[in-house]
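This report covers the sheet, the helix packing and the backbone geometry of one chain. The structure is shown first.

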Amino acid sequence: MTHSTLPVSGSSPPAPAAGYFQRHIFFCINERPNGESCCAQHGALAAFDHCKAQVKAAGLAGPGQVRVNKAGCLDRCAAGPVAVVYPEGVWYSYLDNSDIDEIVESHLKNGQVVQRLLTPPHLGR
Ligand code: FES
């Protein structure tokens, strides 16, 4: 669809925020079959599922709010499991569901970065 085909009448539902979602959180759920270290070995899929459920339960899911997405390798495997929040570009290394709960409540709901869970800036692949 091009801009010229977008509806212009006043009968459309209210538009979401300009960016469609206020924030995205991407979870690396990459799994390496050769046994090399990867986020999937460290509970990434369960963390993704938990985050998605918590965001929904908090009423944060949907246009204008938060989207929780799976991602392939984010190339920061040495710090895994990792997730990244955009548009801020804040990287987190988490361990368990309580860490995910804190990211949801503090960052995704209230816009406050969880300093204690920040991925060390020097850790890449
Ligand atoms: S396997 Fe998760 S960042 Fe690479």
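Phe26 has Val84 of strand 3 as its bridge partner. The model that shows this pairing is a predicted one. Strand 1 and strand 3 run antiparallel and are joined by 4 bridges.

**The sheet**

Strand 1 and strand 3 belong to an open sheet of 4 strands, whose order is 2-1-3-4 and whose pairing is mixed. The edges are taken by strand 2 (66-71) and strand 4 (90-93); each has a single partner strand, so one side of each lacks a neighbour in the sheet. Direction ignored, the average turn between neighbouring strands of this sheet is 20 degrees.

The pairings are listed below, each with its sense, its number of bridges and one bridge partner pair.

| Strands | Sense | Bridges | One partner pair |
|---|---|---|---|
| Strand 1 and strand 2 | parallel | 6 bridges | Phe27 and Lys70 |
| Strand 1 and strand 3 | antiparallel | 4 bridges | Phe26 and Val84 |
| Strand 3 and strand 4 | antiparallel | 4 bridges | Val82 and Ser93 |

Strand 1 covers residues 23-28 and pairs in the parallel sense with strand 2. On the strand 2 side, Lys70 is the bridge partner of Phe27, while on the strand 3 side Val84 is the bridge partner of Phe26. In a regular strand, side chains point alternately to the two faces of the sheet. Strand 3 covers residues 82-86 and pairs with strand 4 in the antiparallel sense; there, Ser93 of strand 4 is the bridge partner of Val82.

How is the parallel pair connected? Strand 1, helix 1 and strand 2 form a β-α-β unit, and this unit is right-handed.

**Helix packing**

A packed helix pair is described by the angle between the two axes and by the distance between them. Helix 1 (residues 44-57) packs with helix 2 (residues 97-109) at an angle of about 40 degrees, and their axes are 10 Å apart. The two helices are therefore oblique to each other: the angle of about 40 degrees is outside the range under 35 degrees that counts as roughly parallel. The crossing of helix 1 past helix 2 is right-handed.

On helix 1 the contact involves Ala47, His50, Cys51, Gln54 and Val55, and on helix 2 it involves Asn97, Ile100, Asp101, Val104 and Leu108. Sorted by class, the contact has 6 nonpolar, 3 polar and 1 charged residues.

**Backbone geometry**

Which peptide bonds are cis? One joins Gly80 and Pro81, with omega about 5 degrees, and Pro81 lies in the loop between strand 2 and strand 3. Another runs from Tyr86 to Pro87, with omega near 20 degrees; Pro87 is placed in the loop between strand 3 and strand 4.

Tyr20 is not a glycine, yet its phi is positive, at about 70 degrees. Tyr20 sits in the segment before strand 1.

Notes. Residues are numbered from 1 along each chain as its sequence is written. This is a predicted model: local features need pLDDT of at least 70, side-chain atom pairs count only at pLDDT 80 or more; totals for chains, interfaces and linings use all residues. Axes are lines fitted to C-alpha atoms, for helices over the stretch in contact, and angles run from 0 to 180 degrees between N-to-C directions. Angles under 35 degrees count as roughly parallel, over 145 as roughly antiparallel, 65 to 115 as roughly perpendicular and the rest as oblique. A crossing is left-handed if the near helix is turned anticlockwise from the far one by less than a right angle, and right-handed if clockwise. Two residues are in contact if their C-beta atoms, placed from the backbone, lie within 7 Å. Ala, Val, Leu, Ile, Met, Phe, Trp, Tyr, Cys and Pro count as nonpolar, Asp, Glu, Lys and Arg as charged, and the others, Gly among them, as polar. Two strands pair if DSSP finds at least two bridges between them. A crossover is right-handed if, with the strands pointing away from the viewer, the path from the first strand over the helix to the second runs clockwise.
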